[in-house]
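Biologist: I would like a close look at a single part of this model, followed outward to the residues around it. Please take it slowly and keep the account connected.

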Amino acid sequence: GKGKPRMKKKKKKKKHSTACQVCHTSYVVTLKGLDIPYAAFVDTACARSVAGLENAEALFRHCKSRDWPCIMVDDHEPFRFDPGRRIWSEKAMIIAVIWGGIVVVLRFSIVAQQVPFLISKYVFKRLATRIDLDDNELEFKRFDNRKEPLHDLPSGHVTIELVKETDEPP
């Protein structure tokens, strides 16, 4: 005989989400004692750059007070932090930064939860950078190997400064 009829398995739809590890630190003090009010974690585990609403609004206000190029736009991207439920961004921040003397335009999706600025690995790949953790610097291979300092935090994370007090708006 044929035995039991076989049931077809339904294919599960893939859910589109981004996994990032969250560290609830908004104010950055480096191991060398530097205070960096507007820094981003060099988070190569993130698929997209993201920030929490509170941190994004603080940087946005700072940029506007300095006439620094920065805008908020509509956004709708899914994120998943740890094994929790998926959350959606409603806004994104587009900001110019100056790294190694080069003007770089970044886009951060903004989520309601408390999340520091996290820069995805794709930003660094697109810029053809080399992350040198031994010398704590970001090297731009396409731009005459210009360099931008990275900073170690007591938590073990690595950050890069977004808007420096010494830089003039581009």
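Biologist: Which strands each supply at least two residues of the lining of the second largest pocket? Please begin there and then move on to the side chains.

Modeller: This is a predicted model, and what follows should be read with that in mind. The strands that each supply at least two residues of the lining of the second largest pocket are β8 (87–88) and β10 (102–111). The volume of this pocket is about 160 Å³, and its lining is made up of Leu 53, Ile 87, Trp 88, Ser 89, Glu 90, Lys 91, Ile 110, Val 111, Ala 112 and Gln 113. Sorted by class, that lining contains 6 nonpolar residues, together with 2 polar and 2 charged ones.

One of the lining residues, Ser 89, leads to a small polar arrangement, since the side chains of Ser 89 and Asp 75 are joined by a polar contact of 2.5 Å. Asp 75 itself is found in the loop between β6 (70–74) and β7 (78–81), and the side chain of Asp 75 also makes a polar contact with that of Ser 109, at 2.7 Å. Asp 75 has a relative accessibility of 9%, which is under the 20% limit, so this charged residue counts as buried.

The aromatic side chains can be taken next. The model has 3 aromatic pairs by the rule applied here. Among them, Phe 79 and Phe 81 form a stacked pair, with 6.2 Å from centre to centre and 10 degrees between the planes, and both Phe 79 and Phe 81 are buried. The face of Phe 79 has a further partner, because Arg 48 lies over it at 4.7 Å from the ring centre, within the 6 Å allowed for a charge over a ring. Another of the pairs, formed by Phe 108 and Phe 117, is edge-to-face, with 4.9 Å from centre to centre and 80 degrees between the planes. Phe 108 has a relative accessible area of 1% and is therefore buried, and Phe 117, at 4% relative accessibility, also counts as buried.

Phe 60 offers a contrast in accessibility, because its relative accessible area of 23% makes it partly exposed. Phe 60 lies in helix α1 (residues 53–65), and its C-alpha is 6.8 Å from that of Cys 70, with the two residues 10 apart in sequence.

Two loop residues deserve a word on their backbone angles. Most residues other than glycine have a negative phi. Ala 128, although it is not a glycine, has a positive phi of about 55 degrees, and it lies in the loop between α2 (121–126) and β12 (129–132). Asn 145, again not a glycine, also has a positive phi of about 55 degrees, and its place is in the loop between β13 (137–140) and β14 (146–149). Their accessibilities fall in separate classes: Ala 128 is buried, with a relative accessible area of 12%, whereas Asn 145, at 38% relative accessibility, counts as partly exposed.

To return to the starting point, the pocket lining draws at least two residues from each of β8 and β10, and Ser 89 in that lining is joined through its side chain to the side chain of Asp 75.

Key: Residues are numbered from 1 along each chain as its sequence is written. This is a predicted model: local features need pLDDT of at least 70, side-chain atom pairs count only at pLDDT 80 or more; totals for chains, interfaces and linings use all residues. Side-chain values use heavy atoms; hydrogens and water are left out. On a 1 Å grid over the protein atoms alone, a cavity is a set of points where a 1.4 Å probe fits but cannot get out, and a pocket is an open set with protein on both sides within 12 Å along at least five of seven lines; lining residues have an atom within 4 Å of a point. Grid points are joined across faces, edges and corners, and a volume is the space filled by probe spheres set on the points. Helices (H or I, at least four residues) and strands (E, at least two) are DSSP runs, numbered from the N terminus. Rings of Phe, Tyr and Trp (its six-membered ring) pair if their centres lie within 6.5 Å; planes under 30 degrees apart count as stacked, over 60 as edge-to-face and the rest as tilted. Buried means under 20% relative accessible area, exposed over 50%, partly exposed in between (1.4 Å probe, protein chains only). A charge sits over a ring if NZ of Lys or CZ of Arg is within 6 Å of the ring centre and within 35 degrees of the ring normal. A polar contact is a pair of N or O atoms within 3.5 Å; within protein, one must be able to donate a hydrogen and the other to accept it, and residues adjacent in sequence count only if both atoms are side-chain atoms.
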